[in-house]
Amino acid sequence: MPVRRHRPLRALRPLPLAAGRRQGLPPTAPAVPAPDPAVGPPARHGVVDSAVYERGCRVASPETLVQTYRSLREHEDGMAWIGLYRPDASELASLAAEFGLHELAVEDAIQAHQRPKLERYGDTLFVVLRAATYDDAAEEVGFGELHVFLGQDFVVTVRHSQSPDLSSVRRRLERDPELLARGTEAVLYAILDAVVDGYAPVVAGLENDIDEIESEVFRGDPEVSRRIYELSQEVVEFQRAGSPLAAILAGLTAGFDKYGVDLELQRYLRDVADHVTHVNERVEGARQSLRDILAVNATLVAQRQNEEMRALTLASYAQNEEVKKISAWAAILFAPTLVGTIYGMNFQQMPELGWAWGYPFALVLMGVVCGTLWAVFRRRGWL
């Protein structure tokens with residue numbers, strides 16, 4: 001495979017720290033001032049791995065940014081790959097001064113919480129990616145943010161989370177010197193490929209969760225509505241992370257001819273674009289499935305509520321029928337009670353008290369009243 005020769009990086013603006021190597025001064029010329037003894041050596045907690053490669057092989061493993069700059073100047077055809085994890089502002093300021101990074105891109109890398117995007121500042125590319133991981137135990141999707149600065153002879157990766165694991169990407173490239181010798185675009189390809197490959201288990205996990213939710217919906221699980229909502233939010237967040245990759249790869253593809261990207265790398269990046277399209281289609285399918293499940297769940301919930309209301313109505317109707325019967329019998333029994341109460345008042349001036357037919361008359365009166373009430377209630381369906 002042909003090996004792309006690196007062009008000297010053209011800085012966006014004159015920078016004293018970058019002038020030495022850019023203007024062809026001797027490699028030993030210091031490009032950055034030596035650290036002040038009173039201040040001490042620069043902080044290293046942000047530098048995870050730093051290496052200089054030449055023709056696809058690691059030729060130096062500097063421990064500090066200053067050593068990386070010097071080593072890169074000593075290798076005219078070299079390429080530096082600096083990996084940072086949650087760096088401080090001073091480290092990014094040093095990188096910006098050395099490689100001419102745009103201040104807006106540096107600000108984004110410091111603040112993080114950026115959307116996936118591709119920006120070009122002169123000869124430097126700035127790419128923001130969001131990796132995703134799936135936690136089987138918690139059944140949750142986790143997201144990580146990655147910033148990549150890409151120049152003609154340097155790659156700077158800035159991570160703000162544990163994912164993606166770029167050490168595996170670096171090991172993969174170091175095992176394939178022919179690919180790594182193709183330049184910084186090869187590193188960007190490997191990073192993109194690793195991020196997109198990491199989406200596959202996430203999509204599989206989400207699809208498995210959707211299958212489980214479908215079973216829970218038809219079992220009538222009362223907690224399924226909340227799980228559908230939570231899973232829908234994860235799918236939307238995942239879609240926000242993966243969908244912009246299509247535009248990012250389209251932007252890279254548009255610059256193939258202009259920036260002379262290696263033909264084999266073009267094929268590799270198109271393959272990544274195909275994977276992104278496949279992932280986005282599966283995610284969109286998962287989102288549509290959740291919409292359908294939510295609609296089915298709402299229908300089933302409405303049906304269950306209608307059945308409960310129907311059962312409640314039937315119970316209320318039966319209760320009303322019982323109340324009618326009780327009320328009817330209470331009214332029937334109230335009639336003889338009323339007659340007996342009147343005749344039991346023991347007043348001497350009641351005309352019926354001295355009447356020989358008073359007792360039979362009272363019984364007949366009670367029977368007539370009770371029979372009349374029974375006939376009326378029977379006709380109305382209360383009895």
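Okay, let's start with one residue: Met79 is buried, at a relative accessible area of 2%. Buried here means under 20% relative accessible area, exposed means over 50%, and partly exposed is in between, using a 1.4 Å probe and protein chains only. Met79 sits in strand S3, residues 78–85. Its C-alpha is 5.3 Å from the C-alpha of Phe154, although the two are 75 residues apart in sequence.

Quick housekeeping. This is a predicted model, so bear in mind that local features need pLDDT of at least 70 and side-chain atom pairs count only at pLDDT 80 or more, while totals for chains, interfaces and linings use all residues. Numbering runs from 1 along each chain as its sequence is written, and side-chain values use heavy atoms, with hydrogens and water left out.

Now the overall picture. The protein has eleven helices and seven strands. Both are DSSP runs numbered from the N terminus: H or I with at least four residues for helices, E with at least two for strands. Of the 383 residues, 42% count as buried. The protein exposes about 20,900 Å², and carbon and sulfur atoms supply 57% of that; those areas come from Shrake-Rupley with a 1.4 Å probe, and for residues only the protein chains shown count as cover. If you take the contacts with a separation of 6 or more, 67% are between residues 24 or more positions apart. A contact is heavy atoms within 4.5 Å.

On to the sheet. The seven strands make an open sheet in the order S2-S1-S3-S7-S6-S5-S4, with mixed pairing. The edges are S2 (57–60) and S4 (117–121), each pairing on one side only. From one strand to the next, the twist averages 25°. Pairing here needs DSSP to find at least two bridges between the strands.

Let's walk through part of that sheet, around S6. S5 and S6 pair antiparallel over eleven bridges, and Tyr134 stands opposite Val141 in S6. Their hairpin has four residues between the strands, and Glu139 takes a positive phi near 55° there. On to S7: S6 (140–150) and S7 (154–159) run antiparallel too, joined by five bridges. That hairpin has three residues between its strands. In S7, Arg159 is the bridge partner of Leu146, and Val155 is the partner of Leu150. What about burial? Eight of the eleven residues of S6 are buried, so the strand is largely enclosed by the rest of the structure.

At the edge, have a look at Lys117, which is in S4. Buried or exposed? Lys117 is buried, with a relative accessible area of 12%. Leaving out residues up to four places away in sequence, Lys117 touches Asp108, Phe126, Val127, Val128 and Ile248.

Next up, helix H8, residues 224–242. H8 lies across S5 (124–135) and S6, and runs at about 15° to S6. For angles, axes are lines fitted to C-alpha atoms, for helices over the stretch in contact, and the values run from 0 to 180 degrees between N-to-C directions. H8 has 19 residues and spans 26 Å from first C-alpha to last, close to the 27 Å expected at 1.5 Å a residue; that expected span is 1.5 Å times one less than the number of residues. Its buried residues include Val224, Ile228, Leu231, Val235 and Phe238. Seen down the axis, the buried residues of H8 fall within an arc of 155°, so they line one face of the helix. The arc is that of the directions from the helix axis to the C-beta atoms. What do they pack against? S5, S6 and the helices H7 (184–219), H9 (244–254) and H10 (263–343). On the other side of H8, Arg226, Tyr229 and Arg240 are exposed.

H5 (166–174) is another one to look at: its buried residues are Leu166, Val169, Arg170 and Leu173. Down the axis of H5 they fall within an arc of 100°, so they line one face.

Last, some backbone oddities. Most residues other than glycine have a negative phi, and most peptide bonds are trans. Ser163 and Pro164 are joined by a cis peptide bond, omega about 0°, with Pro164 in the loop between S7 and H5. Arg55 has a positive phi of about 55° without being a glycine. That residue is in the loop between S1 (47–54) and S2, and it's exposed at 53% relative accessible area. Arg86 has a positive phi too, near 45°, and sits in the loop between S3 and H3 (89–99). Arg86 is partly exposed, at 48%.
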